[in-house]
Amino acid sequence: MIDREILLEKVKTSPYKPMKGRIIKAEMLTEKEKFFRIELEDKVNLAHEPGQFVMVSIFGYGEAPISICSSPTDKGYFDLTVRNVGTLTSRLHQLGEGDTLGIRGPFGKGFPIDNMFGYDLVIVAGGLGIVPLRSLMRYIMHNRNDFGNVQLLLGCKSPKDLLFREEVKEWKRRAEVKFNCTVDKADPDWQGNVGLITTLIPGVDINPMRTYAVVVGPPIMYKFVIGELLNKIIPDHQIIVSLERRMKCGLGKCGHCQIEGKYVCQSGPVFNYAQLKDFKGECHEKAA
Amino acid sequence: MKYASLKKEDLNKWLEHLKKKARLYAPRKKENLFVFRPVKNVKDVCLEYMPTILPPKKYYFPQKEKLLKFTVNPFKTAKAIAEFEEYILFAVHTCDIAGIQCMDVIFREGPEDPNYLNRKEKMTIVGMECFKPCDKYANCVSMGNHVPRGGYDLMMVDIGKSFIIHINSQKGERLIADLSYIKGANENDMRKLEEKRQEKKKIFKEELNAPLPKVYEAFSSQGSFDSPLWDEVGRRCVACGNCTAVCPTCYCFDVADEMELSFNEGTRFRIWNYCQMDDFARVAGGEDFRKGRPARQRHRYYRKFKYPVDKYNRYFCVGCGRCSRTCMADIILIETVNALLDPENAASYVGSVKNRPEVK
């Protein structure tokens, strides 16, 4: 029971009210994905954790949950990378530098970075999974000495779908990150691996007890990747995933994002595999 | 004064008084069913009624509720409504009061929902205890909601020639203060109340085949989650969403925008949405995270008997029976739960196809 006075105070503000954000940079990264750099009014910092998301709203078109792809160490702005798939995102793709949009958040639980201090990291990104993982990668690059070895495994459909190409090269060039990449379908210039991302995992050299694996990708990818990671004997609670669900309110109320008893928008989107194992059957990403 | 007494002939006088105090909503007849409606004529108020088509949730969690007003250019937002009117929900059954308590738990949990809290703050509840089981669809006794368990401001009990009113809050007390025709209850009244309650114990019987902890246990097993029973329930379901619309504890919603003709101003509102709809858990990319009616029906049952119990130690089925009464495919909650309690027969469960609600 909340105190009545406190309650009335809470009633004065609305968590449904978005802040004003201005696009200060916009560019197409691939045919379908567009990058946006957004500045909040009065240059307020979003103060998010890597792995959290915001609700982006364009009045008249509604709202959609979008992962933040910059690190909290990038001050004064934050980045989003959006694929054109729905009502809101197709409208968002029409916006450019100088346009305004509404932002609510940040919402949810991000990657458990404090728990990951001192550990080696294997980061597995499938397709758009690199978008939320970029927030983690940038955070790691900024605080590189807090972590052990970092390996990034990247998978995508074809070489032209590769996101943040230059940035990934830069991470690799600084030799602080081991990097391996695979595509489902090569083009004539491609010299790297061809095949599913799961094929990269058996070859990874790790000390499982000292390693956190972080996995983000399309829903179908998880159970296979998690299966490979379990083969490596990485403990359940050191396998971290971020789950996609339909989110409408971000406040743990509207019900759309629920997996069994958990609201992904509040309890997630980041979970560890020990938590996933508790689900009885509604979590598609759980390994068999 | 903890208990007051009101003679039946003075009821309409009191209703007139309440009407002046605040907006008054009470049950009345609509064709062969009942609905909560604003009271225009106190004579229309119906105190002996079956659970209404919709629970009073339509007043504290409206089907369509404004969240924001906005302007596209220049970018501007404002909270849509600051003030609501004071209102009284009159003659609410104990099952519906339990429903309000469930909603409180959800919307008070941080981050709090200001729209709900605001409406709740303006609400006064006058309850009405039932002494006649309503029909075969209600399971209020098993849920423990056939008797008052708090959550109201006043509770009326019909003891023949008069009503005994239990005063449960200051808000409630103000509604009966300084009225010559409402007096403190005397010993005789209290004895009659006790007699009524004893009598009630004999008439009201548990509807489910096992006590609640057993029901929870049944829902907790992996076997129940994977039971073929859900295929049978899902096979009959027509995904109309009626069961969730009429449920006093269903609170899922969608958020949408509506533009003015100018296309510059508009309103963002929330609107009831149902987990039984096939696009409920589908994302823009196309992935559907709860595919198929069996999974969606199972989700509805688990959101009544399992998930909220884990989270809040509270069953979100209040036992009003509305979902069964309204179902076009005869999916009956008591039947489903009883079948689940009996794992050996759950596999071969076939729902009875019957019959429309028995409404007098």
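This report walks through two sheets of chain A and the helices that go with one of them. The model is a predicted one.

## The antiparallel sheet

Let's start with the sheet built from six strands of chain A. It is open, its strands line up as E4-E3-E6-E1-E2-E5, and the pairing is antiparallel. Strand E4 (62-67) and strand E5 (78-83) of chain A sit at the edges with a single partner strand each, so one side of each has no neighbour in the sheet. From one strand to the next, the twist averages 40°.

For a look at one pairing here, take strand E1 (residues 19-28) and strand E2 (residues 33-40) of chain A: seven bridges link them in the antiparallel sense. Within this pair, A:Gly21 is found opposite A:Leu40 in E2(A).

## The mixed sheet

The other sheet has seven strands of chain A and is open too, with the order E10-E9-E8-E7-E11-E12-E15 and mixed pairing. Its edges are strand E10 (193-194) and strand E15 (270-272) of chain A, each of which pairs on one side only.

Over at the E10 edge, strand E9 (residues 177-183) of chain A runs parallel to E10(A), and two bridges join them. A:Thr182 faces A:Asn193 in E10(A) across this pairing.

## Strand E11 and its partners

Strand E11 (residues 211-216) of chain A is worth a stop: six of its six residues are buried, leaving the strand mostly covered. A:Thr211, A:Ala213 and A:Val215 point one way, while A:Tyr212, A:Val214 and A:Val216 point the other, and all of them are buried.

Which strands does E11(A) pair with? One is strand E7 (residues 120-126) of chain A, parallel to E11(A) over six bridges, with A:Leu121 standing opposite A:Tyr212 in E11(A). Another is strand E12 (residues 239-242) of chain A, also running parallel to E11(A) and joined to it by three bridges. There, A:Val214 of E11 has A:Ile240 in E12(A) opposite it. To get from E11(A) to E12(A), the chain passes through helix H6 (residues 219-231) of chain A, making a right-handed β-α-β crossover.

## Helices on the mixed sheet

That same helix, H6(A), lies across E7, E11 and E12 of chain A and runs at about 165° to E11(A).

Back to the sheet as a whole: its order is E10-E9-E8-E7-E11-E12-E15, with E10 and E15 of chain A as the edge strands. Helix H4 (residues 130-142) of chain A packs on this sheet, where it touches E7, strand E8 (150-156), E11 and E12 of chain A. The direction of H4(A) makes about 155° with that of E7(A).

Notes. Residues are numbered from 1 along each chain as its sequence is written. Chains are lettered from A and ligands numbered from 1 in the order in which they are written. This is a predicted model: local features need pLDDT of at least 70, side-chain atom pairs count only at pLDDT 80 or more; totals for chains, interfaces and linings use all residues. Two strands pair if DSSP finds at least two bridges between them. Helices (H or I, at least four residues) and strands (E, at least two) are DSSP runs, numbered from the N terminus. Axes are lines fitted to C-alpha atoms, for helices over the stretch in contact, and angles run from 0 to 180 degrees between N-to-C directions. A residue is buried if 20 or more other C-beta atoms lie within 10 Å of its own, exposed if 12 or fewer, and partly exposed in between; C-beta atoms are placed from the backbone. A crossover is right-handed if, with the strands pointing away from the viewer, the path from the first strand over the helix to the second runs clockwise. Two residues are in contact if their C-beta atoms, placed from the backbone, lie within 7 Å.
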